[in-house]
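Morning, everyone. I have one structure to walk through today. Please bring it up on your screens.

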Amino acid sequence: MAVKKVFYYTNQFYAGIGGEETASIGLEFRDGPVGPGVFLQQELGEDFEVIKTAICGDNTIAEQGETLVPEIVEAVRQSGADLYVAGPAFNAGRYGLGCGHTT
């Protein structure tokens, strides 16, 4: 069985970049799992691999979602991912919006 590729989305806080003071950082992509994506990778097991993580500040995704979401969707397409996971958002407002807008 081929390994399923997973693309993961998280915010600046769970990526370990910072809290409210960094909520306006732009969109960036990193190879492999970041933040809770590391736990996701462990829980999914050897049949899955988190190949890429999208990270975006909560303010940025809330204010610029219309332009950033298509960029994220295109990155997911180009990665060849079999699965896209956003969050969990833990009932967070802007982070929850970011997770919802990107799915």
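How many disulfides does the structure hold? Zero. Keep in mind that this is a predicted model.

Take the cysteines in turn. C56 is in no disulfide. Its nearest cysteine sulfur belongs to C99, and that is 11 Å away. A disulfide needs the two sulfurs within 2.5 Å. C56 counts as buried, because its relative accessibility is 0%. Now C99. It is in no disulfide either, and the nearest cysteine sulfur is that of C56, at 11 Å. C99 is buried too, with a relative accessible area of 9%; the cut-off for buried is under 20%.

Next, the overall layout. The protein chain has three helices and four strands. Read from the N terminus, the order is β-β-α-β-α-β-α.

What about overall dimensions? For 103 residues, a compact globule would have a radius of gyration near 13 Å. The protein chain has 13 Å, so the two agree. Along the principal axes, the C-alpha atoms fill a box of roughly 40 × 25 × 20 Å.

Burial and surface, quickly. Of the 103 residues, 40% count as buried. The chain exposes about 5,600 Å². Carbon and sulfur atoms supply 52% of that area.

Contacts now. Take those with a separation of 6 or more. Residues 24 or more positions apart account for 70% of them.

Now to helix 2, where I want to spend the rest of my time. Helix 2 covers residues 58-79. What would a straight helix of 22 residues span? The figure is 32 Å, at 1.5 Å a residue. Helix 2 spans only 23 Å between its end C-alpha atoms. Look along the helix for a bend. Where does helix 2 bend? At G65, by about 100°.

G65 is also one of the buried residues of helix 2. Before it in the sequence, the buried ones are D58, N59, T60 and I61. After it come L68, V69, I72, A75, V76 and S79.

What do these buried residues pack against? Four strands and a helix: strand 1 (4-11), strand 2 (28-31), strand 3 (48-56), strand 4 (83-86) and helix 3 (93-102). Our two cysteines sit in that set by number: C56 closes the range given for strand 3, and C99 falls in the range of helix 3.

One last stop, just past the helix. Helix 2 is followed by G80. Its phi is positive, near 75°.

That's my tour. Over to you.

Notes:
Residues are numbered from 1 along each chain as its sequence is written. This is a predicted model: local features need pLDDT of at least 70, side-chain atom pairs count only at pLDDT 80 or more; totals for chains, interfaces and linings use all residues. Side-chain values use heavy atoms; hydrogens and water are left out. Buried means under 20% relative accessible area, exposed over 50%, partly exposed in between (1.4 Å probe, protein chains only). The expected span of a helix is 1.5 Å times one less than its number of residues. The bend at a residue is the angle between axes fitted to the seven residues ending there and the seven starting there. Contact means heavy atoms within 4.5 Å. The radius of gyration is taken over C-alpha atoms; the globule rule is 2.2 Å times the number of residues to the power 0.38. Accessible areas come from the Shrake-Rupley method with a 1.4 Å probe; for residues, only the protein chains shown count as cover.
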